[in-house]
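This briefing covers a helix, the cysteines and the salt bridges of one protein chain. Please look over the sequence and the structure before reading on.

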Amino acid sequence: MSNQDQIPVLDPHDFDTVERTGKTVGCVVLAAGMGTRYADGNKLLNNIDGEPIVRRAVRTFLASLDDVVVVIGHDTAAVRKALDGLDVSLVVNRDYDQGQSTSLHCGVVVGRNRGWDAIVFGLGDMPFVRSETIDLLVRTDVATDYTILAAAYDRKRGNPTLFDAIHYDALTEIEGDRGGRQLIVQSDETALVETSDPGVTRDIDTIADYNYYR
């Protein structure tokens with residue numbers, strides 16, 4: 001079994017010339033939660049450089065992947081409006097108040113229905129990730145035998161993450177307000193991908209985070 005310190009960290013330069021072919025990879029952005037640690041409204045709707053946080057986060061994935069699904073739930077109408085005009089599919093998670101795991105379950109259903117070989121999971125409150133980071137995760141998935149990948153910065157695990165279809169069943173077994181961290185740290189098929197992208201560790205959970213990063 002693996003833990004955080006034992007997870008291998010891959011050098012991105014090893015995959016510079018890898019073609020993104022042979023696998024169908026889709027994206028699920030999780031944007032359904034209530035953000036209870038944020039004390040002033042819905043954090044996803046606050047602006048960074050004049051653009052809602054959730055919209056900016058989703059645009060990054062659209063720049064890299066053709067098939068992007070956003071799972072929404074809390075404040076559905078307002079989040080939907082913030083994403084208006086983007087070429088994404090929206091899935092409403094009506095059980096969002098039961099935790100992030102329910103949004104993961106929605107994503108797995110989409111991945112299965114669309115025949116994806118892997119899912120890149122992103123977070124709607126992380127607006128600083130670079131599109132090159134998503135490219136790197138997909139190339140690494142194609143080039144290696146690792147079936148769970150997590151973006152890293154300075155060897156620190158962050159988001160987005162990528163799960164091959166072999167893990168769909170395990171993702172649906174996660175319960176409560178948890179994402180895929182348990183699978184990431186316990187699986188021997190996990191690797192961290194060093195991205196040189198500080199955005200993979202910059203999420204906005206509190207007003208202090210928002211004021212600092214903006």
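How many of the ten residues of helix α1 are buried? The model is predicted, and in it seven of the ten residues of α1 (residues 53–62) are buried, so this helix is largely enclosed by the rest of the structure.

**Helix α1**
- The buried residues of α1 are I53, V54, R55, A57, V58, T60 and F61.

**Cysteines**
- The count of disulfides is zero.
- C27 takes part in no disulfide, and the nearest cysteine sulfur, in C106, is 15 Å away.
- That distance is too far for a bond, since a disulfide needs the two sulfur atoms within 2.5 Å.
- C27 has 0% relative accessibility and counts as buried.
- C106 also counts as buried, at 16%.

**Salt bridges**
- There are eleven salt bridges, including the three pairs described here: D164 with K23, K43 with D205, and R130 with D197.
- In the pair D164 and K23, the closest N and O atoms are 3.0 Å apart.
- D164 lies in strand β9 and K23 in the loop between β1 and β2, 141 residues apart.
- D164 is buried at 9% relative accessibility, whereas K23 is partly exposed at 28%.
- K43 and D205 meet at 3.3 Å, N to O, and the pair ties together parts that are 162 residues apart in sequence.
- Both K43 and D205 are buried.
- R130 and D197 have their closest N and O atoms 3.7 Å apart, and they are separated by 67 residues.
- R130 is partly exposed at 41%, while D197 is buried at 1%.
- K23, D141 and D164 are joined into one network by salt bridges that share partners.

Methods
Residues numbered from 1 in each chain as written. Predicted model: local features only at pLDDT ≥ 70, side-chain atom pairs only at ≥ 80, totals over all residues. Heavy atoms only, no water. Buried < 20%, exposed > 50% of the residue type's maximum accessible area, 1.4 Å probe, protein only. Helix = DSSP H or I, 4+ residues; strand = E, 2+ residues; numbered from the N terminus. Salt bridge = Lys/Arg side-chain N within 4 Å of Asp/Glu carboxyl O.
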